[in-house]
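Subject: Handing over a structure

Dear colleague,

I am passing this structure on to you, and below it I have set out what was found, going through it part by part. Please read the text with the structure open beside it.

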Amino acid sequence: MSLTLPRVYSQDHLVWKGSGDGILSLKASYNYLRTSYELQMWCNYLWKKFIPPKFSMTVWRILQHRIPSDDILRSRGICIVSVCALCDNASVSETMDHLFVECVFAQQIWRWLSSLFRLKLPPLYYTSELWDWIVSRRFSPQLFNLWLTISCYAFYSIWKTRNRLRFEDEKPSFRQVQMDTMAHLHFFAKFCPGFVRYGMDRDILVDLGIPWQLGKAPKIIILSWRPPPIDWIKVNTNGLAKGNPGPAACGGVFRNYYGDFFGGFGLALGHQSSFFSKIMAVILAIEIAYNNGWLNLWLESDSLLVVQLLLSDSLLPPWTLHNRWLNCKNLISKMNFRWTHAFREVNSVADALANLDLFCDSLHWWSTYPSSLVACYCSAAIFCSLRAVSPVFMLLPAI
Ligand SMILES: [Zn+2]
C-alpha cells in the first residue's frame with residue numbers, strides 16, 4: 001500500500017484498520033469481528049408501523065420456515081401422517097409452500113384478493129416467490145401500503161383457517177374469509193399512510209370504498225451552473241461507486257468565467273465507497289489546480305458531506321486519505337479558495353467524466369472536451385435544470 005507523507009508537521013497516531021475513519025470504538029470492533037450477511041429486502045416491507053405485529057410475525061415465521069407445518073415438523077424428526085386438510089384430498093401432503101401457495105383454498109384467496117386490486121396472479125410455486133411478487137407491485141404509496149397489509153393478513157388468515165380445521169374441526173369457509181378480509185381492509189385503511197399518484201389507483205380505492213389522499217404539490221426550484229468571477233477558475237467534481245462499495249471512479253471539470261473548458265480529469269479507484277470517491281475527486285481537483293497555478297479556485301461538489309468535511313476540523317475522511325487530505329488543506333491555505341454545494345442536476349459534466357473513467361487505472365486528463373460528451377456539456381452550460389424538491393415524483397418538462 002502506498003502511503004502519502006504529510007507536508008505539515010503532525011503527531012503520529014495509531015489507526016484502527018477495521019473502520020473507515022481509523023478510530024477504534026466498540027461498534028467498529030464488533031462490526032469487524034462479526035459475520036455480516038446481506039440485508040434481506042423483505043425486511044423493509046414486513047416491519048411497518050401500520051401492519052399489526054401478529055400479521056408481520058406470522059409472515060416472518062413463514063419466510064423463515066419457522067411455522068409448524070407438517071413438512072417442517074417431519075424435518076425435525078416428528079413422524080406424522082400428513083394430509084392437507086384444506087384441499088380435502090388424501091393424496092396431497094401438507095408442505096408450507098403447498099399450504100400458502102398451491103392449495104386450492106389459498107389459490108382461491110389470492111386470486112380474489114388480486115382481483116380486488118386489479119392484478120392477475122401469475123403461476124407461483126413457492127412462498128418466497130409469492131412474497132416477492134406481492135412486494136414488487138407498483139402502486140401509489142397509499143394503495144401499496146394497504147395491499148401489503150392485507151396480504152400479510154391473508155397469510156395469517158390461511159394459517160388460522162388451517163389450525164381451526166385441524167384442532168377444532170371447524171370447516172373452512174371461503175365466504176367467511178372474504179367477509180373477515182373486507183372488514184379488516186376497511187379497518188387497516190384508516191392507518192395506512194401515503195397518497196395516490198395514479199388515476200387507476202384512485203379508482204381501485206374508490207371501488208373498495210376507501211377515501212384516497214392526494215400528495216402535496218411539489219415545490220420546483222430552477223437550477224443552473226453559475227460561472228466564477230472573471231479571474232477565477234471553477235471546478236465541479238463528482239465521485240461514484242456502482243454498488244457503494246463497488247467499482248468506483250471520480251472526475252472533475254475546470255471552467256472559467258465564460259464557461260470555457262479548461263480541462264477535465266477522471267480516475268478509476270477500484271473497489272471503494274461513494275464517500276471515498278467524492279473525497280478523492282476533491283483532492284485531485286485541488287492538487288491539479290495548485291500545480292497549474294490556478295490559485296483563485298471555486299470548488300463545487302454535489303456531496304453535502306464532502307462540503308461539510310471541508311468546513312469542519314472534527315469530521316474525518318477515511319483514514320487511508322487522512323494525510324493526503326491534510327496536505328490538500330495546506331494547499332488551500334495558500335490559495336483564494338471557496339466551495340459550494342450543488343444539486344446533481346448542475347453537476348452532470350463531472351458525473352459524465354467520472355463515468356468515462358470507471359475502468360481506467362491511471363489519471364486521465366482531457367485538455368479538450370471529449371467529443372462523446374459534447375451534448376452533455378452544452379446542456380449543462382446553456383440550459384437550466386428543474387428539480388422537484390418535495391415530494392420527489394413529478395414529470396419534468398423535456399429541455
Ligand atoms: Zn391443500
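**The sheet and its strands**

T237 stands opposite G252 in strand 3, and this pair is a convenient place to start, in what is a predicted model. Strand 2 and strand 3, which run antiparallel, are joined by eight bridges. The two strands form a hairpin with four residues between them, and in its turn G243 has a positive phi of about 120 degrees. Strand 3 is also joined to strand 4, again antiparallel, by 10 bridges, with G251 standing opposite G266 in strand 4. Here too there is a hairpin, with five residues between strand 3 and strand 4, and G259 in the turn has a positive phi of about 85 degrees. Of the 10 residues of strand 3, eight are buried, so that the strand is mostly covered.

These strands belong to an open sheet of six, in the order 6-5-2-3-4-7, with mixed pairing. Strand 6 (336-341) and strand 7 (364-366) are the edge strands, each of them pairing on one side only. On average, neighbouring strands of this sheet are turned by 20 degrees against each other, direction ignored. At the strand 7 edge, three bridges join strand 4 (residues 261-272) to strand 7, and the two run antiparallel; G264 stands opposite W366 in strand 7.

**Helices on the sheet**

Helix 11 (residues 274-291) packs on the sheet, where it touches strand 2 (233-241), strand 3 (246-255), strand 4 and strand 5 (296-301), and its direction makes about 155 degrees with that of strand 2. Helix 14 (residues 348-356) lies across strand 2, strand 3 and strand 4, and runs at about 135 degrees to strand 3.

**The nonpolar cores**

As a general point, nonpolar side chains in soluble globular proteins tend to be buried together. In this model the largest nonpolar core has 40 residues, of which F100, A106, I109, L143, I150 and A154 touch the most other members. The elements that give two or more residues to this core are helix 3 (53-63), helix 5 (96-102), helix 6, helix 7 (127-135), helix 8 (141-168), helix 9 (174-189) and helix 10 (199-208). Helix 8 provides the largest share, namely 11 residues. If neighbours within four places in sequence are left aside, L143 is in contact with V196, D201, I204 and L205. There is also a second, separate core of 35 residues, which includes F254, F265, A281 and L309.

**The chain as a whole**

The chain has 15 helices and eight strands. Its radius of gyration is 29 Å, well over the 21 Å that the globule rule gives for 399 residues, and the chain is therefore more spread out than a compact globule. Along the principal axes, the C-alpha atoms fill a box of roughly 85 × 50 × 35 Å. Among the 399 residues, 29% count as buried. Of the contacts with a separation of 6 or more, 69% are between residues 24 or more positions apart.

One residue illustrates these distances. F337 lies in strand 6, and its C-alpha atom is separated by 79 Å from that of S91, the two residues being 246 apart along the chain. Leaving aside neighbours within four places in sequence, F337 is in contact with L297 and I332. F337 has 18 C-beta neighbours inside 10 Å and therefore counts as partly exposed, because being buried would take 20 or more.

**How confident the prediction is**

The mean pLDDT of the chain is 85, and 91% of the residues reach 70 or more. Confidence is highest in helix 6 (residues 104-116), at a mean of 95, and lowest in strand 8 (residues 385-388), at 50. Over residues 381-386 the pLDDT is below 50, and in the model this stretch has 12 contacts beyond near neighbours in sequence. The pLDDT is also below 50 over residues 388-399, a stretch that has 17 contacts in the model beyond near neighbours in sequence.

With best regards

Notes: Residues numbered from 1 in each chain as written. Predicted model: local features only at pLDDT ≥ 70, side-chain atom pairs only at ≥ 80, totals over all residues. pLDDT = per-residue confidence, 0-100. Contact = placed C-beta atoms within 7 Å. Pairing = 2+ DSSP bridges. Axes fitted to C-alpha atoms, helices over the stretch in contact; angles between N-to-C directions. Buried ≥ 20, exposed ≤ 12 C-beta atoms within 10 Å, placed from the backbone. Core = buried A, V, L, I, M, F, W, Y, C linked by C-beta atoms within 7 Å. Rg over C-alpha atoms; globule rule 2.2 N^0.38 Å.
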